[in-house]
Amino acid sequence: MKILFIYIVPSGGMETLNRERCKSLQPHGVDCHLLYLVDGSGLQNFQMNSRTIFVTNEDDEIRMILDREQYDCITVSSDYLMLERLRGLGYRGPIIYEAQGLGSYSAARAFLHDAKIYIEPHAAALLYPNTTHLKSLFTEIYPGKKHYCFDNCLDTENFSYRSLGFSSLPIIGWVGRIESNKNWQMFLDIVTKFTRLVPDYKIWLFEDDQISPEKELFKSRVEQLKLNSRIESFANVPHHQMADYYSMIGDSGGFLCSTSVMEGFGYAVLEAMSCRCPVVTSDSDGVRSFVTHNLTGKLFAQQDVNGAVAEAFDLVCNLSLREFIRTRAITRAREQFSPQLYANRFLSMLKDLV
């Protein structure tokens, strides 16, 4: 069986998901291809193979790929206009429309209503992670469609804890694009208050600087809060190296802080858990799949800076709870998000559709 995954740009959680699920499906005889409409930093994470990874937004080139490869099924993520476009280019097989994250609840609702005139006639099924707001919206707006809802996967055998020595100071980490849904403003407020309580901390910030539209606002706010000397920025780190950084943050006595307003899944949090890096995260819905408060991580309410600081302070001071969370988190990551489990569910979906 041959399938094509289509997304706009190879970056962030979608780039991770595509790479991870291709690895999980290929041992089961599924030939996985990827099409991105524009170039992006995430292509560095692939062992580039021009036969299976395409980057183009030209109709003639996409038509040529479709005619040559004769895909049994295509999965389109987010870009609902691509559904009608594929039909216009001659593809007649089943198309799965997928959403992994669509911003805030109101933005997601508006997006899915706008998409309806494209999804209803052209998509054979809908796919989304086990996330409350996505399940609710898809069920409400598309009651007549086939729905498939299951967790994403992570290769925790290879993306896992690595003992690399200790940092001279504890580290607070943050991962994301510098844009509103990732809520970088709140992160800066949290670390400003936290480091007044515990001064000897440094901050590692990981971003994709090719798609960080609020970078100048971020720089201005960092200067205003006098955080320049504390923050070390890392741009476009290859994915496999992130396991090193998460492991070092965990062993330093620090934590990963996630401040997203809304996440469909939240790969950075799961990846940190897999590397024994404890997480303090906003209750952004998608992370509930793997973060249970005081069991596999720390949760705080949206926009509650003081609550976030209190949870972070408890995590770094209560060493027995910290170690308990680190241990339970890596177990949860391994058991609930295994590539084999994902492959079984995806193959069952394909069997149903193809």
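This passage describes the central sheet, the nonpolar cores and one buried glutamate of a predicted model.

The sheet is open and contains 7 strands. Their order is S3-S2-S1-S4-S5-S6-S7, and the pairing is parallel. Strand S3 (53-55) and strand S7 (146-149) form the edges, as each pairs on one side only. On average, neighbouring strands are turned by 20 degrees against each other, direction ignored. In general, strands of a sheet pair through backbone hydrogen bonds, either parallel or antiparallel.

Strand S1 (residues 2-7) pairs with two neighbours. With strand S2 (residues 31-36), S1 shares 6 bridges in the parallel sense. Here Ile3 stands opposite Cys32, and Tyr7 has Tyr36 as its bridge partner. With S4, S1 shares 4 bridges, again in the parallel sense. The bridge partner of Ile6 in S4 is Val76.

In a regular strand, side chains alternate between the two faces of the sheet. S1 shows two such sets. Lys2, Leu4 and Ile6 point one way, while Ile3, Phe5 and Tyr7 point the other way. All of these residues are buried. Because 6 of the 6 residues of S1 are buried, the strand is largely enclosed by the rest of the structure.

Helix H1 (residues 12-25) lies across S1, S2, strand S4 (73-77), strand S5 (95-98) and strand S6 (125-128). The helix runs at about 170 degrees to S1. Together, S1, H1 and S2 make a right-handed β-α-β unit.

The largest nonpolar core holds 57 residues. Ile3, Phe290 and Phe346 touch the most other members. Helix H12 (residues 339-353) gives the most to this core, with 6 residues. A second, separate core has 34 residues, including Ile74, Val76, Ala99 and Ile119. Val76 of this second core is also the residue that bridges to Ile6.

Phe290 has contacts from several parts of the sequence. Leaving aside neighbours within four places in sequence, Phe290 is in contact with Phe265, Gly266, Val269, Leu270 and Met273, among others. Thr296, Arg332 and Phe337 are also in contact with Phe290.

Glu311 is found in helix H10 (residues 305-317). Is this residue, Glu311, buried or exposed? Glu311 has a relative accessible area of 19%. Buried means under 20%, so Glu311 counts as buried. The side chain of Glu311 makes a polar contact with the side chain of Lys298, at 2.9 Å. Beyond neighbours within four places in sequence, Glu311 is in contact with Val280, His293, Lys298 and Leu299.

Key: Residues are numbered from 1 along each chain as its sequence is written. This is a predicted model: local features need pLDDT of at least 70, side-chain atom pairs count only at pLDDT 80 or more; totals for chains, interfaces and linings use all residues. Side-chain values use heavy atoms; hydrogens and water are left out. A nonpolar core is a set of buried Ala, Val, Leu, Ile, Met, Phe, Trp, Tyr and Cys residues joined through side-chain atoms within 4.5 Å. Buried means under 20% relative accessible area, exposed over 50%, partly exposed in between (1.4 Å probe, protein chains only). Contact means heavy atoms within 4.5 Å. Two strands pair if DSSP finds at least two bridges between them. Axes are lines fitted to C-alpha atoms, for helices over the stretch in contact, and angles run from 0 to 180 degrees between N-to-C directions. A polar contact is a pair of N or O atoms within 3.5 Å; within protein, one must be able to donate a hydrogen and the other to accept it, and residues adjacent in sequence count only if both atoms are side-chain atoms. A crossover is right-handed if, with the strands pointing away from the viewer, the path from the first strand over the helix to the second runs clockwise.
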